[in-house]
Amino acid sequence: MARSSASSSERPSSGSAAATRVYLDYAAFSPVDPRVVAVMRPFFEGGVGNPSAPHSLGLEARASLDGARAKLARLVGATPTGVVFTSGATEANNLAVKGLVSRGPRRHVVTSAVEHISVINACRDLEKARSGPCSRSGTSGASRAREASRSMWTR
Ligand SMILES: Cc1ncc(COP(=O)(O)O)c(C=O)c1O
């Protein structure tokens with residue numbers, strides 16, 4: 001399972017006795033901090049309500065959620081209403097890219113070929129939905145990115 005493969009001291013069942021597996025892919029998955037597990041355990045193990053529901057379990061869940069939102073907002077210097085919980089990074093990337101373009105004052109996106117595919121696909125969706133240009137720059141495309149951002153200010 002993920003937890004055991006994330007261990008830095010796990011030894012393989014065969015091969016050299018000196019070999020130790022070291023997990024270095026924390027960008028894709030990292031083990032959950034035991035303090036977070038401790039806080040979340042009651043919610044995982046039962047007694048959790050739908051935070052949108054008006055019954056007592058729902059109200060308790062809403063209070064916990066709002067508390068977490070307020071703490072996170074303080075941590076990053078945001079307002080609680082600006083903190084949106086998502087189910088994962090793909091959803092968050094879509095929300096950020098499409099949300100900014102639909103609501104922000106400047107509707108110009110500059111991205112790079114080395115972005116995560118969920119970012120690139122969100123930009124492609126916008127490109128399809130709009131007739132305006134969507135600039136993409138690769139690893140050597142700094143000048144194209146500069147050019148794109150310059151046109152962003154002059155549009
Ligand atoms: C930058 C980035 N965006 C999106 C994802 C996809 O994450 P999820 O599976 O939570 O949608 C990953 C996963 O590693 C990522 O690193």
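In which helix is the place of D66? D66 sits in helix 3, which covers residues 56-76. The model is a predicted one, and D66 is exposed in it because 12 other C-beta atoms lie within 10 Å, and a residue counts as exposed at 12 or fewer. Along the chain, T81 is 15 residues from D66, and 9.6 Å separates the C-alpha atoms of the two.

The wider fold can be set out next. Six helices and two strands make up the secondary structure of the protein, and their order along the sequence is α-α-α-α-β-α-β-α. The protein has 155 residues, of which 4% count as buried. Taking contacts between residues at least 6 apart in sequence, 35% link residues at least 24 apart.

From here the description turns to helix 4 and helix 5. Helix 4 spans residues 89-103, and helix 5 spans 117-129. Their axes approach within 9 Å and cross at roughly 35 degrees. The crossing of helix 4 and helix 5 is right-handed. On the helix 4 side, the contact is formed by A89, T90, N93, N94, V97, K98 and V101. Helix 5 supplies S118, V119, A122, C123 and L126. Sorted by class, this contact of helix 4 with helix 5 contains seven nonpolar, four polar and one charged residues.

The largest nonpolar core consists of V97, V101, V109, A122 and C123, five residues in total. Helix 4 and helix 5 are the elements that each give two or more residues to this core. In soluble globular proteins, nonpolar side chains tend to be buried together. Four members of the core, V97, V101, A122 and C123, also belong to the contact between the two helices. V101 can be followed further: leaving aside residues up to four places away in sequence, V101 touches R107, V109 and L126. Of these partners, V109 is a member of the core, while L126 is one of the helix 5 residues in the contact with helix 4.

The last site to consider is the ligand. Which residues surround the ligand? They are A27, A28, G88, A89, T90, N93, H116 and S118. Three residues of this shell come from helix 4, the largest share from any element. By class, the shell around the ligand has three nonpolar, five polar and no charged residues. A89, T90, N93 and S118 appear both around the ligand and in the contact of helix 4 with helix 5.

Methods:
Residues are numbered from 1 along each chain as its sequence is written. This is a predicted model: local features need pLDDT of at least 70, side-chain atom pairs count only at pLDDT 80 or more; totals for chains, interfaces and linings use all residues. A residue is near a molecule or strand if its C-beta atom, placed from the backbone, lies within 6 Å of it. Ala, Val, Leu, Ile, Met, Phe, Trp, Tyr, Cys and Pro count as nonpolar, Asp, Glu, Lys and Arg as charged, and the others, Gly among them, as polar. A nonpolar core is a set of buried Ala, Val, Leu, Ile, Met, Phe, Trp, Tyr and Cys residues joined through C-beta atoms within 7 Å. A residue is buried if 20 or more other C-beta atoms lie within 10 Å of its own, exposed if 12 or fewer, and partly exposed in between; C-beta atoms are placed from the backbone. Two residues are in contact if their C-beta atoms, placed from the backbone, lie within 7 Å. Axes are lines fitted to C-alpha atoms, for helices over the stretch in contact, and angles run from 0 to 180 degrees between N-to-C directions. A crossing is left-handed if the near helix is turned anticlockwise from the far one by less than a right angle, and right-handed if clockwise.
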